[in-house]
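Welcome, and please open the model in your viewer. We will take the whole chain as our starting view, and then select one part after another.

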Amino acid sequence: MPTIYDVARQAGVSAATVSRVLNGRRTVDPEMVARVLTAVRELGYRPNAVARNLRRSRTTLWAVIVPDIGNPFFTSTVRGIEDVAQQAGYSVVLCNSDESPAKEETYVAAALSEQMAGVIIASSGSVKAARCLLDSPVPVVAIDRELPRGAVDTVVVDNEEGARAATRHLLDAGYSRVACVTGPEGVSTADLRLRGYTAALGGAPVVVRTDFREQGGYDAMAALLSSAARPDAVFVASNLMAVGALRCLADRGVEVPGQVGLVGFDEIPWADLVRPSLTTVAQPTYELGRMAARLLADRIAAPAARPATVVLPTELRPRRSSVR
C-alpha cells in the first residue's frame, strides 16, 4: 500500500504538506494542492483512518440524528448535509430517532462515545439528550427544531410566519372556522406554528395536538370532524400529518375544498399531483441541510466562536385544497 511519503515523493512536496492538504487546510498553495491530489489518485493512496483518528482524538464522522428518515423533508435535508460534508472531508452516519426521546438519547450517547467529529440534530424534544450534547466538547448544530435549553448553532425556517401566512390564506379564501393540527408540546416547530396560527386567527383557536405522523393527522382530523364545533378549514402543521388528514377526509366522504379547506406545512413531492392538489407551506429543505453542514464545519474549525442562528424563509404555495 502506498504511504504518505510515496505521495510526497511523487508530488515533489514534503510529507507535512501532504498531511495539510489531506486534512483540508486552506493555507497550502493551490498548485501544491493540485499536485498532491493528482499523486493521491495516481497511487491509489488511502489515509490510515485509525492512526489519523488517534492523532486527532476524534473521527471524521458526523452523526446526523433526525426524527423520521421516511419523511421527504428529512430526506432532502440530509442530502444537503451530506453534499457539504463530503466536500469538507467528512462522512455522515445517519440516525433515525423515530420521534422517540429515548431512542434519541441512545444515539446521542453513541455519537459521544464514538468521538464523532460533530453532531447535527433535529431534536425530538429530549432535554436529557440536549444536556448531554451541551455538556460535551463535541460541536453541535440544531436543525429544523431548536435544541431544548441550549444555545448552539441553529438552522430553522420562519415557522411562525409560515403558519401565519397559511392561516391568513384560509381566512382570505372565505373560511371562517379554521382549526389547527400541530405536533407535541415542547417541540419548537409545533409550538411556533401554533403561535403563528393563533396570531393570524384573531378568534378562539381550535387546536388538536398529536405526533408528527400520518396516523396522527388522520386521528386528529377524525376528532375535528366529530366535534360539535366542526371546522370548515384546517391548517395542518406538517406534511405527513396533512397526508393523514386528507386520507381521513376522503374516507369520510368530505369534499375538499368545498366542505373543508386544507393547508399543510412542508412541501410534498406529489402535492400538485393529487386531486385536489394540496396547498403547502414549502421550506428550503436542501438549503437547510447545506447551511447546517457549513455551520458545523465552521464550528469544528473555530470552537470558541459565538453560536449563530440562521432563519430561512418559507413560501406559501396555494393549490386547489384551500381555494373555494
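Accessible areas here come from the Shrake-Rupley method with a 1.4 Å probe. Computed that way, the accessible surface of the protein chain is about 14,800 Å², with 52% of it belonging to carbon and sulfur atoms. Keep in mind as you look around that this is a predicted model.

**Stop 1: the whole chain**

Show the chain as a cartoon. You will find 12 helices and 12 strands. Along its principal axes, the C-alpha trace spans about 80 × 40 × 30 Å. Colour by burial if your viewer allows: 49% of the 324 residues count as buried. Now turn to contacts between residues at least 6 apart in sequence; 69% of these join residues at least 24 apart.

**Stop 2: helix α3**

Next, select residues 30–43, which form helix α3. From the first C-alpha to the last, these 14 residues reach 20 Å, close to the 20 Å expected at 1.5 Å a residue.

Which residues of α3 are buried? Show Val36, Ala39 and Val40 as sticks, and you have them. Now look down the axis of α3: its buried residues fall within an arc of 100°, so they line one face of the helix. Add α1 (4–11) and α2 (15–22) to the view, since what covers those buried residues includes both of these helices. Then turn to the other side of α3, where Pro30, Glu31, Arg41 and Glu42 are exposed.

Both ends of this helix deserve a click. At the N-terminal end, aspartate 29 acts as a cap, with a side-chain oxygen 2.8 Å from the backbone nitrogen of glutamate 31. Just after α3, select glycine 44, which takes a positive phi of about 65°.

**Stop 3: arginine 299**

Now jump to helix α12, residues 285–301, and pick out arginine 299 within this helix. Is arginine 299 buried or exposed? Its relative accessibility is 11%, and the cut-off for buried is under 20%, so arginine 299 counts as buried.

What does the side chain of arginine 299 reach? Draw a distance to the backbone oxygen of proline 303 and you should read 3.1 Å. Draw another to the side chain of aspartate 153, with which the arginine 299 side chain makes a polar contact at 2.7 Å.

To finish, show the surroundings of arginine 299. Leaving aside neighbours within four places in sequence, arginine 299 is in contact with Pro139, Asp153, Ala304, Ala305, Arg306 and Pro307.

Key
Residues are numbered from 1 along each chain as its sequence is written. This is a predicted model: local features need pLDDT of at least 70, side-chain atom pairs count only at pLDDT 80 or more; totals for chains, interfaces and linings use all residues. Side-chain values use heavy atoms; hydrogens and water are left out. Helices (H or I, at least four residues) and strands (E, at least two) are DSSP runs, numbered from the N terminus. The expected span of a helix is 1.5 Å times one less than its number of residues. Buried means under 20% relative accessible area, exposed over 50%, partly exposed in between (1.4 Å probe, protein chains only). The arc is that of the directions from the helix axis to the C-beta atoms. Contact means heavy atoms within 4.5 Å. A polar contact is a pair of N or O atoms within 3.5 Å; within protein, one must be able to donate a hydrogen and the other to accept it, and residues adjacent in sequence count only if both atoms are side-chain atoms.
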